[in-house]
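Thank you all for making the time this morning. I would like to walk through a few helix contacts and then some backbone details, so please have the structure open as I speak.

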Amino acid sequence: MSDVVTIDLNDGWTMPVVGFGVFLVPEDQTRAAVTAALQAGYRSIDTAALYRNETAVGEAISDSDVSREDLFVTTKVWNSDQGFDSTLAAFDKSLERLGLDHLDLYLIHWPTPARNLYVDTWRALERLQADGRVRSIGVSNFEVSNLQRLLDECQVVPAVNQVELHPQLSQARLRRFHAVHDIVTEAWSPLARGALLAKPPLVGLAEKYAKTPAQLILRWHLQLGNVVIPKSVTPARMRENLSIFDFEIADDDMAEIAGMDTGTRIGPDPATFHGA
Ligand code: NDP
C-alpha cells in the first residue's frame, strides 16, 4: 500500500485511513462505483453481507489491475448469522461472493445485545483469524460494555470498532476507551450522509482552508485519529474525499467543530437495534 496513508492495527497489520464505503450503493451500480473508486486511488473497500453487493465488489476487484496485496477488503457478519457455526458459514459465503481467498478485516456488524450471541460470534472470528482466513478481526457498533465483555471473556482484542461518528456525534467516551485498549476507531457515515455540509461553522471554516465542507469534516476525523469510509457514487466526490492530506486544521478550529456535538444519531441505537 505504498502511496496510501495507513494506520497500525493492534495485531501487526495496517489499514488505509481513508476507505470507500458501499452501503446503499445498488448491486447494479456497485461494480462501476468500486471501479471508479479504485481508479481514484482508494485501496480499502467497506462492504457487508447486509448490503447485498459483495459480488459486485468482488467483480470490480477482479477487473482491476490493483494487486490483492495492495487492497484492504472489509465485510461484516449480519445479525441473523450470529453464533459460532453460523458465523463460520456466513464468512464462507461472503468470501465466495467476493471471490477472495482471504479477507483483510471481518467485523461483527451490530452487537444486538438482546440476542446474547456476540461472544460466541467473536470466538468464530478468533478461529477464522487463527486459521489465516482473515487477517484482522473487529466489531461494529459496539459500546463500551460490549467491548468490555469481549476483553473479559475472549482472547483477541478487536483491532477496530466501526461506529457512527461525525461532528454531531463525536463519541468521545468510546474513543477514549479505544485509545486505552489500542482499538482503532473507524467512523461510519463520517459525513453524516451529507446532513452537516451546509451548516455553520463548517461552511465558513471550509472557506478559510480553501477546502469543501466534506474535506474539512474528513480532515477533522483524521486529526482525531479516526479511519473514515465515506461513500459516494460521484467520481469527482470520490477524488475530493481523498484529497485531505495537504492541510491541517488548527486546534481552535478543531474545538469549534467539536462544539457541534449534540449526541444526535442518524442511525439506530446499538443498545436496542436488533435488525432482522
Ligand atoms: P456518508 O457520511 O459517507 O455520506 C454519504 C452521502 O454523502 C452520499 O449521499 C453521498 O452522495 C454524499 N457525499 C459523499 N461525498 C460528498 C462530498 N464530497 N460532497 C457532498 N456530498 C458527498 O454516509 P454512509 O452512510 O454511506 O457511510 C459511509 C459508509 O459507512 C457506508 O457506505 C458503509 O460502508 C459504512 N456504514 C456502516 C454502518 C455500520 O453499521 N457498520 C452503517 C452505515 C454505514 P453521492 O453518493 O450521491 O455522491
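At what angle do helix 1 and helix 9 pack, and how far apart are their axes? Keeping in mind that this is a predicted model, helix 1, residues 27-40, and helix 9, residues 235-242, pack at an angle of about 40 degrees, and their axes are 9 Å apart. Since angles under 35 degrees count as roughly parallel, this packing makes helix 1 oblique to helix 9. The crossing in which helix 1 passes helix 9 is right-handed. On the side of helix 1, the contact is made by Ala33, Ala36, Ala37 and Ala40, and on the side of helix 9 by Pro235, Met238, Arg239 and Leu242. By class, the residues of this contact are 7 nonpolar, no polar and 1 charged.

Let me turn to a second pair, helix 5 and helix 6, the latter covering residues 172-181, whose axes come within 10 Å and cross at roughly 20 degrees. That makes helix 5 roughly parallel to helix 6, and the crossing here is left-handed. Helix 5 contributes Val144, Leu147, Gln148 and Leu151 to the contact, while helix 6 contributes Arg173, Leu174, Phe177, His178 and His181. The residues of this contact divide into 5 nonpolar, 3 polar and 1 charged.

Helix 5 also appears in the surroundings of helix 4, because the buried residues of helix 4 pack against strand 5, helix 3, strand 6, strand 7 and helix 5. Helix 4 itself, residues 118-130, has 13 residues and reaches 18 Å from its first C-alpha to its last, close to the 18 Å expected at 1.5 Å a residue. Among its buried residues are Tyr118, Trp122, Leu125 and Glu126. After helix 4 comes Gly132, with a positive phi near 80 degrees.

That brings me to the backbone details in the loops. Two residues, Arg52 and Gln171, each have a positive phi of about 55 degrees although neither is a glycine. Arg52 lies in the loop between strand 4 and helix 2, and at 68% relative accessibility it counts as exposed. Gln171 is found in the loop between strand 8 and helix 6, and with a relative accessible area of 16% Gln171 is buried.

Finally, please look at Pro200 and Pro201, which are joined by a cis peptide bond with omega at about 0 degrees. Pro201 lies in the loop between strand 9 and helix 7.

Notes: Residues numbered from 1 in each chain as written. Predicted model: local features only at pLDDT ≥ 70, side-chain atom pairs only at ≥ 80, totals over all residues. Heavy atoms only, no water. Helix = DSSP H or I, 4+ residues; strand = E, 2+ residues; numbered from the N terminus. Expected span 1.5 Å × (residues − 1). Buried < 20%, exposed > 50% of the residue type's maximum accessible area, 1.4 Å probe, protein only. Contact = heavy atoms within 4.5 Å. Axes fitted to C-alpha atoms, helices over the stretch in contact; angles between N-to-C directions. Parallel < 35°, antiparallel > 145°, perpendicular 65-115°, else oblique. Left-handed = near helix turned anticlockwise from the far one by under 90°. Nonpolar A, V, L, I, M, F, W, Y, C, P; charged D, E, K, R; others polar.
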